[in-house]
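Visitor: Could you take me in for a close look at one part of this model? I would like to see how it fits with its surroundings, and I am happy to hear about other spots along the way.

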Amino acid sequence: MTGSASLARETLLRLVVWGSFVALGLVGVVRTGLTAGPVGGVFATAQSIIEQGSIAVDGNTTMVGALDAPASGLAYVSNHFVAAADPGAALLATPAAWFGIPLANGLHHPDAAILLVGVTAVLLLLLAAVALAWAGGRLGVSSPLALLGGAFGVGTFLFPVGGLTGTVLVFAITAFLLALTFADGADSRVEEGWTPHGRLTMSGLLLGCLPFAVWYGWLAAGFVGIALVAQGGRRWWRRVLWLALGGALPAILFLFYNTVWFGRPWRGAWLYAIGDPWQRTIRGRFFATPITDLRVSFRALGELAVRHPLLIVGLIGLAVGLFFVPWRARVTTALLFFWLAVPALLDRQPAGIVAEERPVLILGAFAGIGYLLLIAVIARERPRFVPAVMLAAVACVGVGIAVSIATTGANRPAIVPIGTAPSIYVAPVALCIGAVALLLVSGFSPPRIRRERIAAISGVAILFTLSLSGCGASATPSGEAVSSVPNLLPPVATRLASGTINPLWTLDANAHIAADGTTLTDINETGTATSPRVPVQAGDGYRLSAHIVLAQGGGGAITAHVLWSDTMFRPLAESPLTLAVGVPSVASAAPAGAAYASIVLALPPGALVDTIHFQPLDGGRLDALPNYAKAALAFSFDFETAMGGLIHTRGGQTDHDVADAIARGMAMRNGANFLRQLFAAYDTRATFYVNGYNFLTGNTLRRQFVGNPTYTRYTAKTAGFASDYWATHPWYGDDPFGTEQTDPAWYFGSLTKQLAADGHDIENHTFGHLFLHAGITAQQLDDDLTAWDAVAKENGFAPAHSFAFPWRASNSLTAEYYAVLAKHGITNVTRYYDLKPGTYDLQSVPVYPQIHVVPDQELIDRAGDEAAADRGIDISLAEGGIFSLWAHPENIATPAAQAIWGRVVAYAADRRSLGLWVAPVTTITNFVDARDQLRVSSARVGATTMLTVRDAGQAGVNDATLTLPGVPKQVAWRGGAGARDINGAQIRVGNILPGETITIEVRYS
């Protein structure tokens, strides 16, 4: 009975200790969730290994860090993003993610996979605690004390770490090595020349795994290995064999891993591939600012000590306890500390990573064994104080938990919040219960394995684990057929209603479009075809594919390049790709800062290329336009009174023809009235660029606007006028000082208000139709715009945001002039001089990039204009473009011109069903400006993609559209309002308020 009672008490103790350990770990996992940084990088990499056979985290970059962050933890290697961290933890997490992702998909909870990977860290540390308890027994500590010491030494760090990182892996490996070291040092048989085969084999295995966990781990492996060999005395060579046997397999796998991914077998291949320059050299990483780095590391240690007070106790115990252990344990511990802990302290600490995720956590393993040594010393020298030491340990753990709960966990940013559904906890809890059950077996001993088989069994076990984690370079598989996923590229050409084939791609002299209008080919020499730019989302992966037929003997591939550019269309990076016959596609990821991409194909002689697809593979690409629109068209008009601009005509027989100005002013009225009726019939709104006199219903008070200046630089030589008349006469000297009734050609106040009441947009064309290129100063422009703003406000009109240059006179203007425009609220300009004809997307002013340039195309009663307008609409629809069709209303006063405009407006209205958005200029550009303030990121767990859309601006965004990699089966929104729906592979995100963040959960199966 006594034996049974003792066994029952011992079993109860184990149940309490290990159950508390696992419970504490589960709390840490649940509380932490999936965060940006090392934890997210481990999960994202493990998921990519399973689902794509790749370590690339394209589309899951958010899990690692923001692309624009100073220390994102991301590297861009061979056109892909990878987590710039050592791969060991990701490889270890792969089996858990392998089972967890199907579980998450089955439960419709991404949290299940996250929890399962987090539990891997708990189980890993559980084994580390068992190892320390075993070492305590070898050091002569009683079983209950060894059990409690191992659990406290490691268990305190479970909360609130709760995630698997490389640092946690190094912590566990170090704890295993220290346990083996002290067990070996305490074994008297070693003094007699006996070789501990099992312990040496396991030590070699752990040392071989260190480079997977931390890149300088090979230093510790080498020096500690030499020390372990030297401890064998004359029989040192026997130790070499067993250490080599244990370390050979991970070393071979490590070399194979690096060779597959970086073309070199050594660790430097990874080191030099990572993105941050300071990480690429030993000096930059460790010795560039050693004092600063040490200061940051010690601050991290301070954070650890507050959250884990037992850390300091353990390190003190290590310093004291080393005096009571054999020299072999002392030497090995010192070498491990020097080659693992010292580099961790000198290593540059990435910003924004909490203490538990920093390399300095390695010191926790030394504190764990130190706490055991402290217990051993006290039990030997002052046994009465053992209960007090254990109670103090409980108090330290409690303080750490309280601090962690009271604080925010150093403000960890949760990517995927842990849910509340009990079902997602089934698998993690079951695993931990199983682990506890194994530890509760009678005698608390691991299964006995014959010593001579330990090495073989260990090797098979590690081989099996790493085989689950093996990742060779392979293309990302697609769950969708090419035909069912969106193609971001326009076709190579569009066929107009007349049957004419109009190229959309830019072709050199050798590249041609075949008669079918869909196939690229070439003659004689290699030809080059370049696609228009298409919007992309930085960090997301994209696949380029094409159907290729090569001439006989012409090889088996063609060369392609993806040209990435930023929001200003400036070249950012270039990704060379090879499209091979019979190979479906190649993939690349958009680098940080990328906003656009274009494709360049080098066509060998005789080649035929068609079915060219550039499709997204990850996340969600923010489209250029709202409500699923493919292109945007604005109708705009330069609307001027006789006083506004018509009296100031440049060129011709005279510069001052009042009768001509009056006749043209009346034609302006007639054309505007026709446009009112035309646009009302098609429920269309346009933009009218007006001068100051357009707001006036008269000027009987004889107001002098802008001081009625004389622009002395307006000479025949400088401004192109027929004479120097306007250099010597006041600009508003012809004002009749009448009313709209007496002088209808001079004042348009009532008509302009009618246009605004119809919903048309009234924008700025300068107050007096200034010819800016002729020498108007920036101050004179400022004065003119100030008058326009004042008169517009007097008459109830909103401030202008768009500006049309009179006479297209934007050439030679400096940034000073655009700063004046920006001062008056102008965000975009049109009638821009230096714009290439045939441009169908927004540009930016080179000297003032904050202001957009809206491309325009004139439409009047002129041969070819109507066909060109239809062609522009078709091209913009194919390319996803934005442009404006414009005229002076006076040019639409004739029946022929009105018939042309009627047909073109009808043509545009008919194409609304094809995705053409017809709206005023400012409506379009205001959306683009607001959309540019949206920040989209994605995190993928199994079949679920969590899209986060955040508005970083001040205006809010309505009806933005995201293009997905495929057609979703289920979409759920959190946050936002308004119209939210799905259209094939696109989703409308609804209305987002300024500063608001919405989350969209997308499932593809």
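**A close look at one strand and its surroundings**

Guide: Let's warm up with a cysteine: Cys 209 has 16% relative accessibility, so it counts as buried. Please keep in mind that this is a predicted model. Cys 396 is buried too, at 17% relative accessibility. These values sit below the cut-off, because buried means under 20% relative accessible area. As for disulfides, the count is zero, where the rule asks for a pair of cysteine sulfur atoms within 2.5 Å.

Another buried spot is Ser 203, part of helix 9 (residues 197–213). Ser 203 counts as buried because its relative accessibility is 8%. Setting aside residues up to four places away in sequence, Ser 203 touches Leu 177, Leu 180, Leu 228 and Leu 243.

Now to the part I would like to show you closely, strand 27, which spans residues 882–887. How many of the residues of strand 27 are buried? Six of its six residues are, so the strand is mostly covered. In a regular strand the side chains alternate between the two faces of the sheet. Here, Ile 882, Ser 884 and Trp 886 lie on one side of strand 27, with Phe 883, Leu 885 and Ala 887 on the other, and these residues are all buried. Both faces of the strand are thus covered.

What pairs with strand 27? One partner is strand 19 (residues 631–639), which runs parallel to strand 27 and is joined to it by six bridges. Within this pairing, Ile 882 of strand 27 has Ala 632 opposite it. Strand 26 (residues 856–858) also runs parallel to strand 27, with three bridges between them. There, Ser 884 in strand 27 is the bridge partner of Asp 856. Helix 26 (residues 865–879) comes into the picture as well: together with strand 26 and strand 27, it makes a right-handed β-α-β unit.

Do have a look at Ile 924 from here, a residue of helix 28 (residues 921–931). With a relative accessibility of 3%, Ile 924 counts as buried. Beyond its neighbours within four places in sequence, Ile 924 is in contact with Ile 882 of our strand, and with Ala 632, Leu 633, Ala 634, Trp 917 and Ala 919. The contact with Ala 632 spans 292 residues in sequence, with the C-alpha atoms 7.2 Å apart in space.

Stepping back, in soluble globular proteins, nonpolar side chains tend to be buried together. The largest nonpolar core in this model has 120 residues, and Phe 614, Phe 635, Tyr 714 and Trp 901 have the most contacts inside it. Another core lies apart from that one, with 111 residues that include Ala 46, Met 63, Leu 336 and Ala 365.

For a helix with two contrasting sides, turn to helix 25 (residues 815–823), where Tyr 817, Tyr 818, Val 820 and Leu 821 are buried. Looking down its axis, these buried residues fall within an arc of 150°, so they line one face of helix 25. On the face turned away from that buried side, you find the exposed residues Glu 816 and Lys 823. The cover over the buried residues of helix 25 includes helix 24 (778–794), strand 22 (802–804), strand 23 (828–830), strand 24 (843–845) and strand 25 (848–853). After helix 25 comes Gly 825, with a positive phi near 85°.

The loop between strand 22 and helix 25 deserves a moment too, as it holds Trp 807 and Ser 812. Trp 807 is a residue other than glycine with a positive phi, near 60°. Ser 812 likewise has a positive phi, near 75°. At 27% relative accessibility, Trp 807 counts as partly exposed, while Ser 812, at 61%, counts as exposed.

Let's finish with an open sheet of four strands, in the order 18-32-35-34 and with antiparallel pairing. Its edges are strand 18 (621–622) and strand 34 (981–983), each of which pairs on one side only. Strand 18 is joined by two bridges to strand 32 (residues 961–963), and the two run antiparallel. In that pairing, Leu 622 faces Leu 962 in strand 32.

Conventions
Residues are numbered from 1 along each chain as its sequence is written. This is a predicted model: local features need pLDDT of at least 70, side-chain atom pairs count only at pLDDT 80 or more; totals for chains, interfaces and linings use all residues. Side-chain values use heavy atoms; hydrogens and water are left out. Two strands pair if DSSP finds at least two bridges between them. Buried means under 20% relative accessible area, exposed over 50%, partly exposed in between (1.4 Å probe, protein chains only). A crossover is right-handed if, with the strands pointing away from the viewer, the path from the first strand over the helix to the second runs clockwise. A nonpolar core is a set of buried Ala, Val, Leu, Ile, Met, Phe, Trp, Tyr and Cys residues joined through side-chain atoms within 4.5 Å. The arc is that of the directions from the helix axis to the C-beta atoms. Contact means heavy atoms within 4.5 Å.
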